[in-house]
Amino acid sequence: MPSPDLNVRDLSVVVTAGAGGAGRVIATTFADAGARVVTCDLDARAVAEFGAVRPDIAVIEGDVGEEDTVERVFAQAERRHGPVDVLVNNVGIAGPTAVVEEISMDDWALSLRANLTSHFLCARRAVPNMKARRSGLIVNISSGSAKTGLPLRLPYVVTKGAILSLTTNLARELGPHGVRVNAILPGAIRGERIQRIITSKAAALGIPAADYERDLLRYVSLRTMVEPEDIAAMILFLASPAGRRITGQLIGVDGNVEYEV
């Protein structure tokens with residue numbers, strides 16, 4: 001039996017929020033596999049550092065919650081590499097850790113803009129060329145908490161839940177045009193961001209951070225966090241010929257979260 005075809009060489013790939021964290025691993029994984037990658041990030045320092053380390057990857061500073069930035073990112077990708085084949089909507093913020101009655105309108109609006117509107121704007125910009133070529137892949141990064149819930153993190157969970165509907169609806173709309181749309185639902189991704197979240201949530205609950213981290217993994221079958229490389233590997237598979245029939249799927253990369261009954 002032949003090995004699966006995981007070739008992504010020469011694909012034009014856009015990864016949002018790709019100068020740090022899991023986004024950076026996704027961007028470098030694609031570039032190392034021969035894809036041509038453009039990414040963007042709000043963090044000016046991270047953009048400069050990543051651009052210096054990986055000159056083969058175009059790194060643009062900007063906020064893809066804004067239409068002008070989205071246009072800049074896609075215009076540069078198209079100038080450098082031609083029409084975008086793969087869009088990875090990776091932008092996301094943790095949002096506030098608070099009870100619902102203490103969530104401000106500013107925090108609510110910022111969570112919607114970063115976690116949902118950015119995905120819509122990038123998909124809207126990518127789709128016309130994908131439809132014209134009858135080929136393309138959009139991968140939206142949601143969260144396992146979109147299914148399980150996460151008390152004290154309402155804006156985050158609501159926006160990540162909306163990404164599931166965005167994904168399944170776009171998959172139906174775009175499937176007849178040859179365009180695939182899937183979502184990744186990660187568990188807790190090991191890194192600085194999850195450590196900040198753990199510290200913040202533990203403080204809100206009045207318990208030690210180590211205790212909350214243990215509780216976080218209690219209902220994960222593998223009892224471990226997810227590595228950024230796990231997320232990148234799944235997206236690479238979806239973008240390769242081996243994943244060509246996969247669309248409309250909400251794919252958990254989480255060590256199996258055991259939903260409480």
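Helices here are DSSP runs of H or I with at least four residues, numbered from the N terminus. Asp211 is found in one of them, helix 8, which covers residues 209-217. Keep in mind as you look around that this is a predicted model.

Let's stay with Asp211 for a moment. Buried means under 20% relative accessible area and exposed means over 50%, so Asp211, at 33%, counts as partly exposed. Its C-alpha atom sits 9.6 Å from that of Ile198, a residue 13 places away along the chain.

Now go back towards the N terminus, to helix 1. Its twelve residues, 21-32, should span 16 Å at 1.5 Å a residue, and the end C-alpha atoms are 17 Å apart, which agrees. Quite a list of its residues is buried: Ala22, Gly23, Val25, Ile26, Ala27, Thr28, Phe30 and Ala31. What do these buried residues of helix 1 pack against? Their partners are strand 1 (12-15), strand 2 (36-41), helix 2 (44-53), strand 4 (86-89) and helix 9 (228-239). Just past the end of helix 1, Gly34 takes a positive phi of about 100°.

Two of those helix 1 residues turn up again in the largest nonpolar core, which has 32 residues; Val13, Ile26, Phe30, Val37, Ile184, Ile231 and Ile235 touch the most other members. Two or more residues each come from strand 1, helix 1, helix 2, strand 4, strand 5, helix 9 and strand 7. Helix 9 is the biggest giver, with six residues. Take Ile184 as a sample: leaving out residues up to four places away in sequence, its contacts include Val139, Ile141, Ile231, Met234, Ile235, Leu238, Ile251 and Val253. There is also a second, separate core of 28 residues, with Val70, Val73, Leu121 and Met130 among them.

Helix 6 is next. Its 21 residues, 154-174, should span 30 Å at 1.5 Å a residue, and the end C-alpha atoms are indeed 30 Å apart. Its buried residues include Tyr156, Val157, Lys160, Ile163, Leu166, Leu170 and Leu174. As a rule, an α-helix has 3.6 residues a turn, so residues three or four places apart point the same way. The cover over the buried residues of helix 6 includes helix 4 (105-133), strand 5 (136-141), helix 5 (145-148), strand 6 (179-186), helix 7 (192-205) and strand 7 (250-253).

Finally, a pocket. The second largest one has a volume of about 200 Å³. Of its 13 lining residues, Leu11, Ser135, Gly136, Arg180 and Ala239 lie nearest the centre. The lining is mixed, with five nonpolar, five polar and three charged residues.

Technical notes: Residues numbered from 1 in each chain as written. Predicted model: local features only at pLDDT ≥ 70, side-chain atom pairs only at ≥ 80, totals over all residues. Heavy atoms only, no water. Expected span 1.5 Å × (residues − 1). Buried < 20%, exposed > 50% of the residue type's maximum accessible area, 1.4 Å probe, protein only. Contact = heavy atoms within 4.5 Å. 1 Å grid on protein atoms, 1.4 Å probe; cavity = no way out; pocket = protein on both sides within 12 Å on 5 of 7 lines; lining within 4 Å. Points joined across faces, edges and corners; volume = space filled by probe spheres on them. Nonpolar A, V, L, I, M, F, W, Y, C, P; charged D, E, K, R; others polar. Core = buried A, V, L, I, M, F, W, Y, C linked by side-chain atoms within 4.5 Å.
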